[in-house]
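Student: Please take a close look at a single part of this structure, and then follow its surroundings outward step by step.

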Amino acid sequence: MRFAWIIIWTITWIMLLIGCTHSPDIQRLDGSSIDPEALDAQVRRLMEEASVTGLGITVFNRTQPVYQRAYGYADAETQDSLQIEDVIYGASFSKAVFGYLVAQLADSGLIDLDTPLQSYLDIPIPELPLDKEYRRLDALASDDRYKQITARMCLSHTTGLPNWRWIEDDKQLKYLYNPGERYNYSGEGMMILQWVIEEITGQSLEDLADERVFIPLRMERSSYLWKPEFEDHVCFGHQDGHRKIPRRRESEEAGAAGSLETTLADYSRFLTHILTLESQGSPITQLMFSPNIRIRSQAQFGPLSHRDTTAHDEIELSYGLGWGLLQSTYGPGVFKEGHDDGFQHYSILFPAQELGIVIMTNSDNGESIFKELLEMAIGDTFTPWRWEHYIPYQMK
């Protein structure tokens with residue numbers, strides 16, 4: 001009998017230990033939850049149905065990652081599995097990191113967000129000595145409006161400049177709106193701020209990012225410049241289903257608007273830090289997440305970006321310093337997307353709930369599963385997916 005009780009006691013403890021190792025459910029915005037393995041199965045289903053090559057996802061509860069996994073391939077040709085430490089092109093996630101960097105500089109008094117950038121320079125902005133023809137600003141020389149541009153305008157996309165001159169019909173750098181007048185996404189404006197910051201501090205963007213972001217947050221595989229050590233952990237982009245495209249090595253120029261190389265693990269550390277700062281009432285995140293401009297456009301890009309609508313008034317769609325802002329039933333949401341050939345990413349945090357998500361894909365089909373994945377993983381029905389042009393694959 002005693003031996004039987006020992007067996008029962010042992011089995012009971014084994015069962016308890018098994019229960020203790022089971023991952024807790026993921027909490028959603030509305031208080032509901034999803035089992036990690038159920039989410040895992042749904043991610044795999046969505047990727048298969050939409051032909052997404054590779055995907056990394058991190059979900060945050062109580063400011064910390066509670067679910068972090070990578071799926072599919074880093075290289076569809078070799079069928080190398082995607083890992084959370086693989087280096088993936090971050091595209092416009094670059095701007096969110098830059099917004100945090102500039103907010104630090106503003107908080108320490110090194111730059112005033114509302115002082116015209118021209119006042120920090122000894123030469124006119126159009127005469128900045130930029131080596132590459134496609135970066136030069138001399139086209140602005142005949143129009144004094146460049147003297148109005150501030151750091152806040154650059155980070156909130158209200159400089160009036162186009163996203164990139166080479167996607168304009170005439171391929172010219174010019175004002176589409178008066179500075180401060182309207183939200184119009186602009187990588188050109190972000191780059192102007194980068195060059196002025198480098199002049200003010202006497203440091204390159206890469207050195208500033210290392211000093212103030214990457215090293216303190218242990219983002220060991222993150223850089224605005226391509227590094228040789230990334231070669232063994234490279235993630236390729238894919239188009240037309242699973243066709244691999246050549247990997248761009250952004251080694252020539254660090255670009256605040258879009259040269260970031262990072263990993264799912266590293267960028268999740270960054271977002272964990274941002275959530276933690278906001279939960280502590282940091283003045284840095286207060287600067288980043290204060291609305292600078294209401295967004296009325298029908299879409300973020302394309303012809304509809306120049307037409308107005310009231311469709312987003314309910315969520316008070318706005319822009320802060322390098323981050324998009326919205327209001328939800330559960331408090332404010334702060335988001336940033338990344339998009340380039342073969343790479344499509346999205347992140348959104350709900351600081352009042354200490355909850356969020358980041359999705360990184362190496363596929364031109366990635367955005368087609370974002371709407372369903374956001375709703376399923378964290379109950380996010382607030383992301384303006386039509387404005388973002390995140391059209392679900394079932395609707396294409």
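Tutor: The place to begin is the end of helix H3, which is followed by Gly 109, a residue with a positive phi near 85 degrees. This is a predicted model, in which local features need pLDDT of at least 70, side-chain atom pairs count only at pLDDT 80 or more, and totals for chains, interfaces and linings use all residues. Residues are numbered from 1 along each chain as its sequence is written, and side-chain values use heavy atoms, leaving out hydrogens and water.

Helix H3 has 15 residues and reaches 22 Å from its first C-alpha to its last. Helices (H or I, at least four residues) and strands (E, at least two) are DSSP runs numbered from the N terminus. Of the 15 residues of H3, 14 are buried, so the helix is largely enclosed by the rest of the structure; buried means under 20% relative accessible area, exposed over 50%, and partly exposed in between, with a 1.4 Å probe and protein chains only.

The aromatic contacts come next. The model has 19 aromatic pairs, a pair being two rings of Phe, Tyr or Trp (its six-membered ring) with centres within 6.5 Å, called stacked under 30 degrees between planes, edge-to-face over 60 and tilted otherwise. One of them joins Tyr 100 and Phe 270 edge-to-face, with the centres 5.8 Å apart and 65 degrees between the planes. This contact links distant parts of the chain, since Tyr 100 belongs to H3 (residues 93-107) and Phe 270 to helix H7 (residues 264-279), 170 residues apart. Both Tyr 100 and Phe 270 are buried.

A second edge-to-face pair consists of Tyr 185 and Phe 301, so classed because the ring centres are 5.0 Å apart and the planes stand at 75 degrees. Here too distant parts of the chain are linked: Tyr 185 lies in the loop between helix H4 (151-155) and helix H5 (187-201), Phe 301 in the loop between strand E10 (293-294) and strand E11 (318-319), and 116 residues separate them. Tyr 185 is buried, at a relative accessible area of 5%, whereas Phe 301 is partly exposed, at 44%.

Returning to H3, the ring of Tyr 100 also has a place in a wider arrangement: ring pairs link Phe 93, Tyr 100, Tyr 267, Phe 270, Phe 289 and Trp 323 into a cluster.

Phe 301, in turn, leads to the largest pocket, where Phe 301, Asn 163, Trp 164, Ile 167 and His 339 are the closest to the centre among 47 lining residues. A pocket is an open set of points on a 1 Å grid over the protein atoms alone, with protein on both sides within 12 Å along at least five of seven lines, for a 1.4 Å probe; lining residues have an atom within 4 Å of a point. The largest pocket holds about 1200 Å³ of space, a volume being the space filled by probe spheres set on the points, which are joined across faces, edges and corners. Strand E6 (88-91), strand E13 (331-340) and helix H10 (385-388) are the elements giving two or more residues to this lining, and E13 supplies the largest share, five residues.

Helix H5 brings in the second largest pocket, to whose lining H5 gives the most, four residues. This second pocket has a volume of about 310 Å³. It is lined by 15 residues, of which Pro 129, Leu 130, Trp 195, Glu 198 and Glu 253 are the closest to its centre.

Technical notes
Expected span 1.5 Å × (residues − 1).
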